[in-house]
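Please open the model in your viewer and keep the sequence panel beside it, since each stop on this tour begins with a selection.

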Amino acid sequence: MKKYGVYLGLLLLIGSFTVAAGYVDSRESFFYISQKKEKCSLCGDGKNSLKSIYGGVKGIGLICLNDWRVVQVLAPEQEYLQREGTFYMNSKEGDYSIQIDHVMERRISLVNYTAGKQNMPDMKKMSEILCVECVKEVKDAVTIQGEHEKRKPKAVCMVEFSTMKIHSIQQNFQYYVFDDYYVQAECKKKKINLTVFHVSCGEVCKLLDTL
């Protein structure tokens, strides 16, 4: 009986330590030990965090979550005028490929994201580099809802640099309007197509009227 009490006490001690260190998601088979907020790779103050690199900058990017690579999809107009042409980025492990066509005269970026076979979001890896709040934000962004909820999520999301806000591009059709940008996302089984416009407020209103 005493031995049982000792084991129970140890289990309670381990459980309380784990919760204090990070947080536990009971739907997963492992413990998430999240990074401290100041060291978070998204919102932290470290020199390599997205907030430190892109914070306050207007523009839109894609975050490839499993290897934490970021690509700028559309920059402020004065920078965008220098970006005519096609940009390619591939995962070293073949998990994804990205092609971005910059159409300078129309101020549009056409993005094609193609997922490989091993492209599921690794939330355990995310918890090692992100704080609790950012882990939850990323997890929400890769959750597929509605009629396509059985489709496997892809390890990618969109980020608004000026606010560091994460946006989902996992659904079949989504659109966003922020700053001077309009984003239309179409997600298929293995591909995500984005059409990103740099527009004025008046042009945004006209676009919304057509939806």
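Two strands count as paired if DSSP finds at least two bridges between them. With that in mind, and remembering that this is a predicted model, select strand 6 (residues 156-160) together with strand 1, which pair in the antiparallel sense over 5 bridges; within strand 6, Val156 is the bridge partner of Cys64.

Keep strand 1 selected and add strand 2 (residues 69-74), which runs antiparallel to strand 1 and is joined to it by 5 bridges. Here Ile60 stands opposite Leu74 of strand 2, and the hairpin of these two strands, with 4 residues between them, includes Trp68, which takes a positive phi near 50°.

Now colour strand 1 (residues 60-64) by accessibility: 5 of its 5 residues are buried, so the strand is largely enclosed by the rest of the structure. Ile60, Leu62 and Cys64 are buried on one side, and Gly61 and Ile63 are buried on the other, so that both faces are covered.

For the next stop, turn to the aromatic rings, among which a search of the whole structure finds 5 pairs. Select Tyr96 and Tyr113, whose ring centres are 5.8 Å apart and whose planes meet at 15°, so the pair is stacked. Because Tyr96 lies in strand 4 (residues 96-103) and Tyr113 in strand 5 (residues 108-115), the pair ties together parts that are 17 residues apart in sequence; both residues are buried.

Finally, select Phe173 and Tyr175, a tilted pair at 6.5 Å centre to centre with 50° between the planes. Phe173 is partly exposed at 46% relative accessibility, and Tyr175 is likewise partly exposed, at 39%. Extend the selection to Tyr182 and Phe197, which ring pairs link with Phe173 and Tyr175 into a cluster.

Methods: Residues numbered from 1 in each chain as written. Predicted model: local features only at pLDDT ≥ 70, side-chain atom pairs only at ≥ 80, totals over all residues. Heavy atoms only, no water. Phe/Tyr/Trp six-rings, centres within 6.5 Å; stacked < 30°, edge-to-face > 60°. Buried < 20%, exposed > 50% of the residue type's maximum accessible area, 1.4 Å probe, protein only.
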